[in-house]
Amino acid sequence: MKLRYLMIVASMATCFAQGPGQPPPRGDTARTPNLDSLKTYLNLSDTQIQGLLQIQTQQQSAMQPIRDEMMAKQKALHDLLKAGSTDTAAIGSLQMELQALRQKAQEAAKGLTTQTTAILTPDQKTKLKVLEDAAKLQNEIRQATAAHLLTPPDNIGPAFMGRGMRGGPQGQPSQGPMFGRRPGGQ
């Protein structure tokens with residue numbers, strides 16, 4: 001359960017870390033995250049928002065060497081496996097090194113959460129706990145929406161329902177578990 005929370009925090013950290021002037025990851029366009037709803041819900045001040053963005057930008061910079069090392073090791077592992085290597089010691093060593101780097105990234109994510117929550121007031125931390133509890137129900141909410149037990153909020157749209165509900169050209173449903181393949185194999 002803690003790992004799932006850490007993954008959510010790490011994902012949020014990646015989103016928040018894209019401050020002005022920072023190079024975007026993987027060719028995405030540079031943008032500052034829209035925190036309007038969070039700002040309203042938690043009643044965050046502009047100073048708190050700037051503090052959050054600054055901490056996350058610093059964390060992003062600190063995490064870059066870990067990400068670079070992980071990418072290099074993943075590439076080396078991929079190359080070994082693709083070449084049909086039977087060198088189990090080398091493969092195992094790379095896997096162990098990758099696991100150690102993942103653990104290091106998780107620890108950094110914990111530190112980020114500690115830093116960012118320190119900016120919040122006690123009332124804001126209470127409201128944040130409600131969001132944390134709701135995040136634990138994400139899978140159940142998605143499934144209940146897919147089963148039409150819940151109606152997705154207007155601001156989520158059909159993409160919330162999953163790949164099969166996003167719609168294809170001219171509003172036609174795309175392939176997915178509910179619709180199967182469209183004519184033409186697209």
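**Helix packing and cores in a predicted all-helix chain**

Residues 24 or more positions apart account for 48% of the contacts in the protein chain with a separation of 6 or more. I should state at the outset that this is a predicted model.

Let me begin with the secondary structure. The protein chain contains six helices and zero strands, and its pattern along the sequence reads α-α-α-α-α-α. Of its 186 residues, 24% count as buried. The exposed surface of the protein chain comes to about 12,800 Å², and carbon and sulfur atoms supply 58% of that area.

I turn now to the interior. As a general matter, nonpolar side chains in soluble globular proteins tend to be buried together. In the present model, the largest nonpolar core has nine residues, namely Met63, Ile66, Met70, Leu77, Ile91, Leu94, Leu98, Leu101 and Ala108. Two helices, α3 (46–82) and α4 (88–117), each supply at least two residues of this core. The largest share, five residues, comes from α4. There is also a second, separate core of seven residues, among them Leu42, Leu44, Ile49 and Leu52.

How, then, are the axes of α3 and α4 arranged? They come within 10 Å and cross at roughly 170°. An angle over 145 degrees counts as roughly antiparallel, and α3 is therefore roughly antiparallel to α4. Sorted by class, the residues in the contact of α3 with α4 are 18 nonpolar, six polar and five charged.

Two members of the largest core merit individual attention. The first I shall discuss is Ile91, which lies in helix α4. Is Ile91 buried or exposed? Its relative accessibility is 12%, and the cut-off for a buried residue is under 20%, so Ile91 counts as buried. With neighbours within four places in sequence set aside, Ile91 is in contact with Leu77, Leu80, Leu81 and Ser85. Of these partners, Leu77 is 14 residues from Ile91 along the chain, and the C-alpha atoms of the two are separated by 6.3 Å. Both Ile91 and Leu77 belong to the nine-residue core.

The other residue is Leu98. Which residues does Leu98 contact, leaving aside its neighbours within four places in sequence? They are Met70, Lys73, Gln74 and Leu77. Leu77 thus appears among the contacts of Leu98 and also among those of Ile91. Met70 and Leu98, like Leu77, are listed in the largest core.

To close, I return to the helix pair: α3 and α4 are roughly antiparallel, and each supplies at least two residues of the largest nonpolar core.

Notes
Residues numbered from 1 in each chain as written. Predicted model: local features only at pLDDT ≥ 70, side-chain atom pairs only at ≥ 80, totals over all residues. Heavy atoms only, no water. Core = buried A, V, L, I, M, F, W, Y, C linked by side-chain atoms within 4.5 Å. Buried < 20%, exposed > 50% of the residue type's maximum accessible area, 1.4 Å probe, protein only. Helix = DSSP H or I, 4+ residues; strand = E, 2+ residues; numbered from the N terminus. Contact = heavy atoms within 4.5 Å. Axes fitted to C-alpha atoms, helices over the stretch in contact; angles between N-to-C directions. Parallel < 35°, antiparallel > 145°, perpendicular 65-115°, else oblique. Nonpolar A, V, L, I, M, F, W, Y, C, P; charged D, E, K, R; others polar. Areas by Shrake-Rupley, 256 points an atom, 1.4 Å probe, with all protein chains shown as cover.
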